[in-house]
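Thank you for coming; I would like to walk you through one model this morning, and I will try to be explicit about the terms as we go. Please have a look at it first.

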Amino acid sequence: MRCPFCGSEDTQVKDSRPADDGAAIRRRRSCPSCGARFTTFERVTLRELTVVKSDQRRVPFDRDKLSRSIRIALRKRPVDEDRVERIVTGIQRRLEAEGESEITSRTIGEMVMDTLKELDQVAYVRFASVYRNFGEASDFKAFLGSLDFGNDQDKG
């Protein structure tokens, strides 16, 4: 593993342990050349996935991009980091289990929306505003009007 600080290819593993409920291995590494320490994760990949974008471009599936978009939607929300990792791992596993090597970006977006709708209403609306490309306040109003979050308050 190459050191991200100095580029040396001679790094040493100092500690390894399971992560993400056993779905990954977390490794603490150090670089003898510059003394820096860093963490890497090793994950099982069942199949290489290609994402078909709305303009028909094909790009490799990027777990980090999925994770970033979910984290942005959940920013300042009461959801811990472990939960986010489990969500990302769950979505990736579902995509890999579908048996197709090409997945549409729409399929991924819908999976994220379904997950966030159950997890956090604010994050769901945040993600939807970007995913569905809201351009005006009226877009939010129409979207919110179509939602049924199970009205938690009495109307009496």
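I will begin with how the values were obtained, then turn to the annotated domain, two helices, a pocket and one glycine.

This is a predicted model, in which local features need pLDDT of at least 70 and side-chain atom pairs count only at pLDDT 80 or more, while totals for chains, interfaces and linings use all residues. Residues are numbered from 1 along each chain as its sequence is written, and side-chain values use heavy atoms, with hydrogens and water left out.

The UniProt record, an unreviewed entry, places a feature named "domain: ATP-cone" at residues 49–139, and such annotations may be inferred rather than shown by experiment. Over residues 49–139 the chain is 63% helix and 10% strand, with its end C-alpha atoms 32 Å apart; helices here are DSSP runs of H or I with at least four residues, and strands are runs of E with at least two, numbered from the N terminus.

Let me take helix H3 (105–119). The 15 residues of H3 should span 21 Å at 1.5 Å a residue, and the end C-alpha atoms are indeed 21 Å apart, the expected span being 1.5 Å times one less than the number of residues. Buried in H3 are Ile108, Gly109, Met111, Val112, Met113 and Leu116, where buried means under 20% relative accessible area, exposed over 50%, and partly exposed in between, with a 1.4 Å probe and protein chains only. Among the elements covering these buried residues are E4, H1, helix H2 (81–97) and H4, contact meaning heavy atoms within 4.5 Å.

Helix H2 has 17 residues and reaches 24 Å from first C-alpha to last, close to the 24 Å expected. Its buried residues include Val84, Glu85, Gln92 and Glu96, and the buried residues of H2 pack against strand E3 (37–43), H1, E6 and H3. Just after H2, Gly99 takes a positive phi of about 85°.

Which residues are the closest to the centre of the largest pocket? They are Lys53, Lys65, Ser105, Phe127 and Tyr131, out of 29 that line the largest pocket. Strand E4 (50–52) and helix H1 (63–73) are among the elements that give two or more residues to that lining.

Finally, Gly7 sits in the segment before strand E1 (12–19), and Gly7 counts as partly exposed because its relative accessibility is 30%. The C-alpha atoms of Gly7 and Glu100, 93 residues apart along the chain, are separated by 36 Å.

Definitions and conventions: 1 Å grid on protein atoms, 1.4 Å probe; cavity = no way out; pocket = protein on both sides within 12 Å on 5 of 7 lines; lining within 4 Å.
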